[in-house]
Each structure stands twice: as structure tokens, then as C-alpha cells.
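Visitor: I'd like to learn how to read a structure like this one. Could you take me through it a feature at a time?

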Amino acid sequence: MSLLARPWFAGLALALAVVAAYADSLQGAFVWDDIPSIVENPLIERFGSALRRPAAVNTTSGRPLLALSLAANYALGGRSRAGFHLGNLLIHLAAALCLFGLARRLFLLPGWGGSSPPAAAGLALGVAALWALHPLQTQAVTYVIQRAESLMGLCYLLTLYLALRAETSPAPARWRILAVAACAAGMAAKEVMVSAPVMVLLLDRTFFTGSFRRALAAKPRFYGALFGTWAILAWLVLSLGGDRGGSTGGLSAHAAWLPYWLTQFPAVATYLKLAFFPHPLVFQYGAFWLPAASAAIPSALLVLPLLALTAIALFRWPAAGFCGAWFFSVLAVTSLVPGTADMIAEHRMYVALAPLCILAVAGLHRALGSAALGPICAAALALGALTVARNRDYRSGLALWSDNVAKRPGNALARYNLAVALLREPGRGAEAQAQLEAAVGLQPSLGMAHYNLALLLAQRPGQADRAIAEYRRAIQIAPGYSQAHNNLGVLLQRRGRADEARRQFELAVQCDRGNRSAWSNLVRTLAAEGRADEALAAAAALVRAHPDSAEGQAQLGILLAGRGDPAGSVPHLEAALRADSGPWAEGAHFSLGTAYAAAGRISDAAAQFAAAVRLDPGSANAQFNLAAALELAGGHRAEAIAHYRAAAALEPGVAESHFRLARLLAADPKARGEARSELGKVLALNPEFPGARGLSSELGLPPP
């Protein structure tokens, strides 16, 4: 008996082959939907929060098993890319082993010719190897967040395996309980699991009972529980409004059902072609619509006869008909329910590829007998090599999107994502701009592309007007685009259009009260216009919404100090300076110094004014107030003189600085000449300056 005919050895060989094909995938990057669902998703950091609904719908929404698996990954290794990829690889390996077990038991059944156990194990290994090593599977394995598909696939295959195992076991009850549990878990992973109960029933009808009625009558509790798992899926789908937050047509009355269905003829034809000739593989096909119903005819001439042949085969050749029905039932959910972003997605073939592999291996075995092993092994090796090569495209977002654009140059979304990847690379801004301009040319309604193009243009000399136009276009497409309003306001402010800028900042905070940058810009704009009450109210709103905003605390404190409420300003200014330091810090130190001085905390005031001077030595006010605090504190005469000198030099037209400097210098006989010079400046500026007459007499100067 060949070792490969032994189930344990065949399973080991399969595991080694899968690991070899996907070992390089552990270095893959987080891309596309990985970012909001994993990298920027704080909910996965705890098991409890993982089950909460994200603020914005992402791939984990309504899929608790997926969310919990991501939380488990995070608990074991944080956001380690290798850790998440390893998790996906283990799920894929488990699914491959389930398929091996399922196919082996199918090939033992009379419906498949009743192969001997050694032959069944060899054929099953061929099926599982072709399926697991096929490069079509990379999108469900190497693209991390499509763990949703592979987890569902594992549950789907496990459900079928356990149901089949129950039919051949002397103690079927436990296997059926486990099958129901696996089916329920799959419903919590992805919606495509909906067809699993139907396929279990068809499996029973095809290979055991001969009719649906007898199958249901023989096991009513089992099928009641199995179909009862639909309630889990229904609850999860309805919790998202029935349309996954708008990412599918779902229950929406406005969904473009018929145009979408027409696109699924070329979609299914593409899946079939890629199953047997996996090139080119495309990460993101993008949305597309057929120009006319007649454009679907060529692919419909392939798909519709196959559907008809499947229906006939269910009665004439039940085993083959079962595989055909399995293929179409898995694709039915995504082919019948309109999607708003993707008409074709390769990961949808994760489970649907299994029945095709079973048919291919069975057909080769029927045609070649035991000689079929050679072609099957050669095909598996070739597919594994293609998988290794495809995994290299996932090494970075730049590599993946470059490959995508090369294969689908008309995909605006791919060009947009390539631009985003290019922007992360130093010195490639011009290439990014070219991709963004191509994206908006291909799809003018792509608001993200207009926004990012505006970001780039705003950094280019002489391109401010174009940037303003692109921001306006992004806002026109998505009126609630808070950051676009904010950035537009910044550009308008630079152009001296203060009223328009203020309006944009107001719209930004109306769209998103969490936009700290917009709040801060609004506060600054209102303060600059002298609208102190409105500025103060905006700063207070910012601090209420974001108590941890150092800039907001600083702005509120500075405004309160300016309104004559130094005591009220202190806690805000102290909180700001404890938390962070930014361009507002000099003003915060200065205002806090003023508040401390008003409270009689002269040493603390001097320390704050000193900090303000360090941040901005060119501030005459900070230099003067530091000198005054040092003078008042006593024992710092030389330092006070130095800072009065700096203040007088920075603003020579301010008599107070010259007078205070002259007064301190007058106490030193060696500095009386300089003191007379400074007093002369005071008298030149204001002959009636208070105290000047007495100091003139002290210095022996004629009365002013």
C-alpha cells in the first residue's frame, strides 16, 4: 500500500505542500480593507470590544467569528503582520484537511464508483492539493481580512464533512451536533454560508436517501437545527440594515438588481476561466456595468448551458450534478445580491473551487485510471509555483496596486490606491499625481481621488486654485467630507478669503464634531477676526468634545486670559502644557505666566515667561514680562537688565522698556551713561512719561 494512500501520511504531505506554498506570505503587508479592519480598528484589542459594532461599517461588521479571530491574533502578538498571516495560513490548512477528509469519504461512496480506500485517499489528496495550492486562493489567504472568506470556507467544508461522517457512523448523533455547530459558526463568519444547509440536504438526497422528502423525514430534528442557523445569519444581516451599511444592495429598494445580474455572467465566466487557467489574477476588479444587455450574451452562452446541465445532471448523473449545484450555490449569494464596489472578486471562489477540483480529479481518474496521478501531481506543483509567485505581489501595497493597474488600467479605484501607495514613497509625488488625475478622469465621482489630488496640488507652487477646485469637487460628491471642508478652509484663509474660510471650518465641525483640526482652525479664525465671544464658545466646545486636546486647552486658556479671567485660564493652560507642546505653546506659557503674576506667584510666572522666551526669543512681550517678573522677584538684576535690553531692542518704540532698563541701570554708577541714554529715548518718545522727571533728576539730567 502506497504511503500516499494512508490518510495520515496524505494529510502530512498536504500540510507540508501548503506551508511551502504560503511560507513567503508571512512577510505580506496589510493592504486595502486590512487598514480599517485591523490596523486602525481598536475594537480587536480586546475580546469583549471585538463583538461591538464599529463606528463605520468594515469587513468585521456583522461577522463576530471573524472579529473574535482577529482579537485572538492581537492577544497573541499585537498587530504583527506575520502573526495575522500565520493565522490565515493555519485556517487555510485546516480547510484543506477538511476537504481532503470530505473528498476521501465521497470517493468511497457508490455514487462515485465506490473507490477502494487506498484509491479514495489518493484521489482526495489530489483534490485537496489542487484546491489548496491554487493561486486563486491567495486572495482569501494572503489578503488578511479576507479571513472572512477562509473562515467561512473552513466552516462550510467542516459542515459537509461532519454531515457525511454522520451518515457512515454507527453513532451519528454526535457528528450531526457538531455539523450544526460548524454551520452556526460559519453563519457568524460570512453570509455566503447561507447555502451550506441546502448543500447538506442535497448531499443526503444525492448519495443516501434518493429524495429530499425522505431525507427530511428521516432526520427532522437535524435539518430543523441546521436550517435554524439561518436565524443567526438573518439577525446579523438585519443588524446592519440588511445591506452591510450600503456595501451591498441587500434589502435596499434602490439597488441596481438587473444591471448587476448582467455583470455576473462575465463574472462567473471569469471564475471558470481562472479555475483552469489562473492568469491574470487581479486583486481589485472594481465596479463595472455592461453597456447593454447584449454584452452579456457571450458569457451567458457559457453559464446558462452549464446551469441547465447541472439541473439535468442532478437526475441523470447525481454525483456530478451535486458538484455543479455546489459550485453555483456558493456563488449565488454574491451573484444575486448586488454589490456596490466589486462585481468580480477572486476570493469568492474559495469554496466554489472545491467542487471543480473534485470533478476534475474524478474525470481524470475515469479517463486515465491510476495514470491520472502524474497529471494531477504536475498540475498541483505548477499551481503551487504560481501561488508562490502571486504571494510576492502582496509584499507591499505599492507592489500589489502596481500589478493591479498594469492588469486593469481602466480601474479608477486601483489607480487611486496606487497613488496612495506612491505617496508613502519619498520623491514619488509626481507619479502619484498622475495616477490621481487618471483616476478622476476614469471615474469623476471618486471623491477620495479628488481629495488626495487636492492635497498634492496644495503643496505645489502656483497650484492653490486647482487645489481649491478639487476640494470643492470632493465636497460636492461627499458633502459630509469634514476634512475636505477643513483643508479647503486653510487654503482659502491663505488666499485672504477669511469669511469663506470660516464658513468651511464651521461646516467641517458640523459634519464631524470630532475633527480637532477644524475646531482649532475655527477658533483661530474667529479670534483673528475679533469675534472673541464666538472664539471662546468654539474653544469651549472643542475642549468639551476632546478634553485631551492640548491645543484646545491652550486656546481656551489663552482666550480666557485675554478676556480678563486669569484664574479661569490656569487649569486649561496647565493641562495643555502637561499634555503636549505645539505652535501654541509660547502663547500658553505667556498667558499662564500672566495668570500666575496676577495671583502673586511671581517665581512661577518668571518660569513661564522664561519658557515663552526660549520658544520665541523674538517676542518683545515675553522678554519684557520675564524681565519684570525677575525684577519683582528680586536677586535677578543682571538677568532682568538683559531681558529689558532685548525687549527694547525688539520694540524700540515702547517707552516702558527703555524706562525700566534705565531705572535698573541707574543703580550702578558704572552704567549711568547707558542709563542716561535709555532715559533720553524715553523722553524722546514721551516727555510726560510717569517717573521720567524723578529719574532725570537722579541721573543729573536737566528736567524734561
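Guide: Sure. Let's begin with a term for later: a contact means heavy atoms within 4.5 Å. Keep in mind, too, that this is a predicted model.

Visitor: Okay, secondary structure. How many helices and strands are there in the protein?

Guide: The protein has 36 helices and zero strands.

Visitor: And the overall form? What radius of gyration does the protein have, against that of a compact globule of 704 residues?

Guide: The idea is to hold the value up against a rule for globules. A compact globule of 704 residues would come out near 27 Å, while this protein has 36 Å. The box tells you about the directions: along the principal axes, the C-alpha atoms fill roughly 125 × 50 × 45 Å.

Visitor: What share of the residues is buried?

Guide: Buried means under 20% relative accessible area. In this protein, 51% of the 704 residues are buried. As for the outside, the accessible surface is about 30100 Å², and carbon and sulfur atoms account for 62% of that.

Visitor: What about contacts between residues far apart in sequence?

Guide: Take the contacts with a separation of 6 or more: 64% of them join residues 24 or more positions apart.

Visitor: Now zoom in for me. Which residues of α19 are buried?

Guide: They are Leu398, Ala399, Leu400, Trp401, Asp403, Asn404 and Val405. Their cover includes α18 (373–392), α20 (412–423) and α21 (429–442).

Visitor: Asn404 catches my eye there. What does Asn404 touch beyond its sequence neighbours?

Guide: Asn404 sits in helix α19, which runs over residues 397–407. Leaving out residues up to four places away in sequence, Asn404 touches Val282, Phe283, Gln284, Asn411 and Ala414. Its relative accessible area is 0%, so Asn404 counts as buried.

Visitor: Next, cysteines. How many disulfides does the structure hold?

Guide: A disulfide is a covalent bond between the sulfur atoms of two cysteines. This structure holds zero.

Visitor: Why is Cys183 not bonded to Cys155?

Guide: Check the sulfur distance, where the cut-off is 2.5 Å. The closest cysteine sulfur to that of Cys183 is in Cys155, 8.8 Å away, so the two are too far apart for a bond.

Visitor: And are Cys183 and Cys511 buried or partly exposed?

Guide: Cys183 is buried, at 0% relative accessible area, whereas Cys511 is partly exposed, at 34%.

Visitor: Last one: how are the charges set out?

Guide: Count each sign, then compare the centres of the two sets. Here there are 59 positive and 43 negative side chains, with centres 14 Å apart.

Methods: Residues numbered from 1 in each chain as written. Predicted model: local features only at pLDDT ≥ 70, side-chain atom pairs only at ≥ 80, totals over all residues. Heavy atoms only, no water. Helix = DSSP H or I, 4+ residues; strand = E, 2+ residues; numbered from the N terminus. Rg over C-alpha atoms; globule rule 2.2 N^0.38 Å. Buried < 20%, exposed > 50% of the residue type's maximum accessible area, 1.4 Å probe, protein only. Areas by Shrake-Rupley, 256 points an atom, 1.4 Å probe, with all protein chains shown as cover. Lys, Arg positive; Asp, Glu negative; His and termini not counted. Charge placed at Lys NZ, Arg CZ, Asp CG, Glu CD.
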